[in-house]
Amino acid sequence: MQDTFIDQASVQAGWTEKLDQLIAHYKSLPGALLPLLHAIQDELSYIPESAYPKIARALSLSVAEVHGVVSFYHHFKTHKPGRHVLQICRAESCQAMGSEGLEAHAKQCLSIDYHQTSQDQAITLEPVYCLGNCALSPAVMMDEEIFGRVSKADLEALIHDAKKAEAQV
Amino acid sequence: MSTIVYIPRDSSALSVGAEKVANAISQEAAKRGIAVTIVRNGSRGLYWLETMVEVSTDKGRVAYGPVKAADVSGLFKADFLNTEAASAKAHRLNLGLTEELAWLKQQQRLTFARVGITDPVSLEDYLAHDGYQGLKNALELSAADIVKTVTDSGLRGRGGAAFPTGIKWNTVLGCAADQKYIVCNADEGDSGTYSDRMIMENDPYVLIEGMTIAGIAVGATQGYIYLRSEYPHALVVLNEAIAKAEQAGYLGDNILGSSYGFNLEVRRAAGAYVCGEETSLLESLEGKRGLVRFKPPLPAIEGLFGKPTVVNNVISLATVPIILHKGAQYYADYGMGRSRGTLPIQLAGNIKQGGLVELAFGITLRELLYDYGGGSASGRPIKAVQVGGPLGAFLPESQFDTPLDYEAFSAIWAVLGHGGIVAFDDTVDMAKMARYAFEFCAIESCGKCTPCRIGSTRGVEVMDKIIAGTDRVKNIKLVRDLSDTMLNGSLCALGGMTPYPVLSAINHFPADFNIKDAAV
């Protein structure tokens, strides 16, 4: 379990310049904040708090407003997630096909709860409320890859593959 | 001669291995020196048969499914590309001609006419299958006549609220403004629904065409598709299709050489269910927290950035092209009562044959669940269905003969919503489902109004007491009282409709709450 907040972006080489580029690219767009936040998260896999003042200045907002938006939306992460994000659908259609069992199994396999990252930093576990794969429930998503009719064994294999792939890097 | 093989790129098909099947077919064909042209089409929506592989023949497409990558070498051994071969005909996965599959043949696909047939990102394919005929007709009409056509078709908002689309458009048309907007609500968050996703992934041009027609009709030059972040595949397809449509002059400053201009952009949502509510969606598009706005003013009058805005669901907009192509009457001839046209119904949850069924309004739940759905996936009796997403009522078996019609559902205190039907077998505990309804509301509440923000959390606590057996009768009365407050005091449908699943669960399934009857 990794709960300690480390603003890793501040130590990533070239990030300050990259952030400036992203701000310059998005700031004149109508309703620029969400597209900019998405672009930052696409780049870093989360949105570092250290970026808020710059974003706020560029968009004529207060830092509190930026914080308010980041924290409102479930999709935006304020902590660096693991190398993979595993989302398990908790919505009704998947519940009807046993997603509760999958949730428990994932938590057990990874020894973590939702919104936490496995000890080896491989997988962050998140709940999700519908992936639009309801005809093939239960569904899960690993990063941007979607899986349907997922059994406990399938889920274990997915977790295993994600961990193994990283070990080889 | 190269044989054309169709393998879906729809994300549900991908979720059961369509990519692996496509790779295996391509490799096996290369190994055997057989020429195949693989087309990544959309899904036909017979999801229990995915991955469904179709082989093009002069009699039509012959389907095989559900195909796994491991089946591929066996299919080649059976000479599956030569559909006349006895071995191909005898193969256990051979389904015959796709168009002759009863499940598909009995449907009335208007909005979904091309879905599963075409290559989603091929503009040529779209044009070859009646694409942009609606826009061509619209360009010949006055703005008022386009709006009248949509009004006369009887089309009502398919997002769930069922407000007449033409009347909404007419309000925007009547507003004088320097800028107007068309916003497509593609924040399809209801569990059990995926028809928006299917349109966007499998026939994106029909949505683009519908939005363009809407823009011309009301005088809007900018459109936004507010797409949920849980749909990464749809994002890729939409952006590719928009770029191609721009290049070919179907979007831009002079559409098809006319004086009309319409530009379109996809904006990613960020995982907030409440942003499916139109005013919250507009706040989010403006770059703010998705807090629900008070109405009035209506978004049609003061919408995005304070300008007149049409906010329509994907299916509503994607249905506009066929109405403009074939006429208002053609569409209005389908349906019953005040529910005109067709509804793309999505079968989901514990169902044997889940998928997309587009039919005229009027079919009953029972026909859908058993004739199309084939009963539950588990083989156990279906105990309850939830129609219309997490804010829809749970219906017991005694209500399965209700026809799909906005007014008929309203009469039994239920909603059709976005047409999603989630089936549960007899292992479901309805008290837990009622608790979940409150829990979901608590997680997704925008926090602006008290009944929703506080009521949902109190609801979870009271349900926990009921489930634990503490003062059951007293606490059920409390849930009813709380539901009354949420129903009548919430600012939007999230808090205002959470009582639908909660109270319907208590009323129809009292035994799950350990009470003798619902009259407490």
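Tutor: A disulfide is a pair of cysteine sulfur atoms within 2.5 Å. This is a predicted model, where local features need pLDDT of at least 70, side-chain atom pairs count only at pLDDT 80 or more, and totals for chains, interfaces and linings use all residues. Residues are numbered from 1 along each chain as its sequence is written, chains are lettered from A and ligands numbered from 1 in the order in which they are written, and side-chain values use heavy atoms, leaving out hydrogens and water.

Student: How many disulfides does a search of the whole structure find?

Tutor: The search gives 0 over all chains.

Student: Why is A:Cys130 not bonded to A:Cys134?

Tutor: Their sulfurs are 3.6 Å apart, so they are too far for a bond under the 2.5 Å limit.

Student: And what keeps B:Cys441 from a bond with the closest cysteine sulfur?

Tutor: That sulfur belongs to B:Cys452 and is 3.6 Å away, too far for a bond.

Student: Why is B:Cys441 called buried?

Tutor: Buried means under 20% relative accessible area, with exposed over 50% and partly exposed in between (1.4 Å probe, protein chains only). B:Cys441 has 0%, so the word fits. A:Cys130, with 1%, is therefore buried too.

Student: What makes a residue of the largest cavity's lining nonpolar, polar or charged?

Tutor: Ala, Val, Leu, Ile, Met, Phe, Trp, Tyr, Cys and Pro count as nonpolar, Asp, Glu, Lys and Arg as charged, and the others, Gly among them, as polar. By that rule, the lining of the largest cavity has 8 nonpolar, 4 polar and 1 charged residues.
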